[in-house]
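Colleague: Please put the structure up, and then I will ask about its sheets, contacts and surface.

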Amino acid sequence: MWEKIKRYRTVWMPLLIAVILAEAVLLAVYHVPGTEAAINRAALTYAMSSTDELPADGEVVQRQRMGSKMVVTFRNTVVPGEFGAVLFERGWNGLWAPVAANGGTGAPVQRIDLNEESGVTAVYAVDCPEEATFWNFVDISAPLGGTMTDTATARTIEGPAFIEFQEDFPNMRIALYDAQGKELPLELTMYDGPTGGWGKETVELELLNQIAGTILLIGIAVSAVRLRRLRRQEQAAQQEDAQQNGQGQSKR
């Protein structure tokens with residue numbers, strides 16, 4: 001077995017080097033273990049680097065995962081009404097990275113897009129008004145205080161804190177309705193104090209993934225070429241041995 005490993009060293013060595021280099025590239029961003037404590041700590045650290053107003057004792061509220069994406073919501077324990085979400089992505093190495101975040105003190109239900117290609121958004125809240133029974137996307141120009149007309153697509157609000165993955169409608173707003181289907185008034189859907197929000201995104205992820213993928217492809221290609229070359233050499237050696245054996249038998 002050891003002799004075979006040594007003989008094929010020129011084959012597996014380039015692939016091993018490529019894997020190590022690709023892992024090193026990915027670790028530059030994807031370095032957060034999937035444990036609850038590590039994810040929570042990374043979420044608050046990433047969010048705090050986006051705004052000076054989020055204190056070190058920010059509180060994580062919920063986590064929800066969909067495939068290789070995870071959304072973590074948090075609240076500011078000092079500034080009333082400020083909350084937000086951090087989007088995590090899982091890398092090829094099995095570790096996680098915070099890739100985007102948003103937050104503010106505006107409406108109690110917000111959303112964070114998973115990415116532009118997926119067309120999926122995470123609708124989230126950490127302290128939804130108790131009067132809110134349903135939420136739905138409505139046209140951004142629709143007047144406030146209307147009655148819910150599209151009951152088929154309305155989503156039931158199960159509690160004050162939730163995360164739901166839904167198809168995104170960028171040109172529509174999120175409306176909250178009571179049990180009778182009446183949109184909640186503005187004083188219940190906007191927090192007191194300054195409104196507005198912040199956002200953050202890690203833009204180099206796609207480039208790092210491309211670099212890691214290119215390194216792996218080069219390693220696979222080099223290993224494949226060397227494997228074919230080694231097998232041709234082995235076949236030639238076997239043919240030469242067979243010819244020599246045939247010649248030795250003919251002389252007898």
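Modeller: This is a predicted model. One open sheet has three strands with antiparallel pairing, in the order β5-β6-β9.

Colleague: Which strands of that sheet are the edge strands?
Modeller: An edge strand pairs on one side only. That holds for residues 109–115 and for residues 162–167. The edge strands are β5 and β9.

Colleague: By how many degrees are neighbouring strands of this sheet turned against each other on average?
Modeller: The angle is taken between neighbouring strands, with direction ignored. The average is 25 degrees.

Colleague: How many bridges join β6 to β9?
Modeller: Strand β6 covers residues 120–125. β6 and β9 run antiparallel. The number of bridges joining them is six.

Colleague: Which residue in β9 stands opposite A125?
Modeller: A125 belongs to β6, which spans residues 120–125. Its opposite number lies in β9. That residue is F162.

Colleague: Now the other open sheet. Which strands stand at the edges of the sheet β8-β7-β10?
Modeller: This sheet also has three strands and antiparallel pairing. Two of them have a single partner strand each, so one side of each is left without a neighbour in the sheet. Those strands are β8 and β10.

Colleague: Over how many bridges do β7 and β8 pair, and which residue in β8 stands opposite F134?
Modeller: β7 and β8 pair in the antiparallel sense, over two bridges. F134 faces a residue in β8. That residue is T156.

Colleague: What do β1 and β2 form, and which residue in the turn has a positive phi?
Modeller: Strand β2 covers residues 69–75, and seven bridges join β1 to β2 in an antiparallel arrangement. M66 stands opposite K69 in β2. The two strands form a hairpin with two residues between them. The turn residue with a positive phi, about 65 degrees, is G67.

Colleague: On to salt bridges. How many does a search of the whole structure find?
Modeller: Side chains of opposite charge can pair when their charged atoms come close. The search of the whole structure gives a total of six.

Colleague: Which residue meets R63 in a salt bridge, and how many residues apart are the two?
Modeller: R63 is partly exposed, with a relative accessible area of 34%. Its side chain meets that of E36 at 3.3 Å, N to O. The pair links distant parts of the chain: R63 is in strand β1 (residues 59–66) and E36 in helix α3 (residues 36–48). The separation is 27 residues.

Colleague: R111 and D168 also meet in a salt bridge. Is D168 buried or exposed?
Modeller: The N to O distance in this bridge is 3.2 Å. R111 sits in strand β5, and D168 in the loop between β9 and β10 (172–177), 57 residues apart. The cut-off for buried is under 20% relative accessible area. At 14% relative accessibility, D168 counts as buried.

Colleague: E164 and R155 meet in a salt bridge too. Which of these two counts as buried?
Modeller: Their side chains meet at 3.0 Å, N to O. R155 has 34% relative accessibility and counts as partly exposed. The partner at 13% relative accessibility counts as buried, and that is E164.

Colleague: The structure holds three aromatic pairs. What is the geometry of the pair W135 and F137?
Modeller: W135 is buried, and F137 is buried as well. W135, F137 and F169 form one aromatic cluster. Within the W135 and F137 pair, the centres are 5.3 Å apart and the planes stand at 85 degrees. Planes over 60 degrees apart count as edge-to-face, so this pair is edge-to-face.

Colleague: How far is T151 from W135 in space?
Modeller: T151 is in the loop between β7 (134–139) and β8 (155–156). T151 is exposed, with a relative accessible area of 56%. The two residues are 16 apart in sequence. C-alpha to C-alpha, the distance is 10.0 Å.

Colleague: Last, the surface. Which residues form the nonpolar patch, and where is L16 found?
Modeller: The patch has about 510 Å² of accessible area together, from W12, M13, L16, I17, I20 and L21. L16 is partly exposed, at 39% relative accessibility. L16 is found in residues 9–27, helix α2.

Conventions:
Residues are numbered from 1 along each chain as its sequence is written. This is a predicted model: local features need pLDDT of at least 70, side-chain atom pairs count only at pLDDT 80 or more; totals for chains, interfaces and linings use all residues. Side-chain values use heavy atoms; hydrogens and water are left out. Patches are made of residues with over 30% relative accessible area and no salt bridge: like charges are joined within 9 Å, nonpolar side chains (Val, Leu, Ile, Met, Phe, Trp, Tyr) within 5 Å. Accessible areas come from the Shrake-Rupley method with a 1.4 Å probe; for residues, only the protein chains shown count as cover. A salt bridge is a side-chain nitrogen of Lys or Arg within 4 Å of a carboxyl oxygen of Asp or Glu. Helices (H or I, at least four residues) and strands (E, at least two) are DSSP runs, numbered from the N terminus. Buried means under 20% relative accessible area, exposed over 50%, partly exposed in between (1.4 Å probe, protein chains only). Two strands pair if DSSP finds at least two bridges between them. Axes are lines fitted to C-alpha atoms, for helices over the stretch in contact, and angles run from 0 to 180 degrees between N-to-C directions. Rings of Phe, Tyr and Trp (its six-membered ring) pair if their centres lie within 6.5 Å; planes under 30 degrees apart count as stacked, over 60 as edge-to-face and the rest as tilted.
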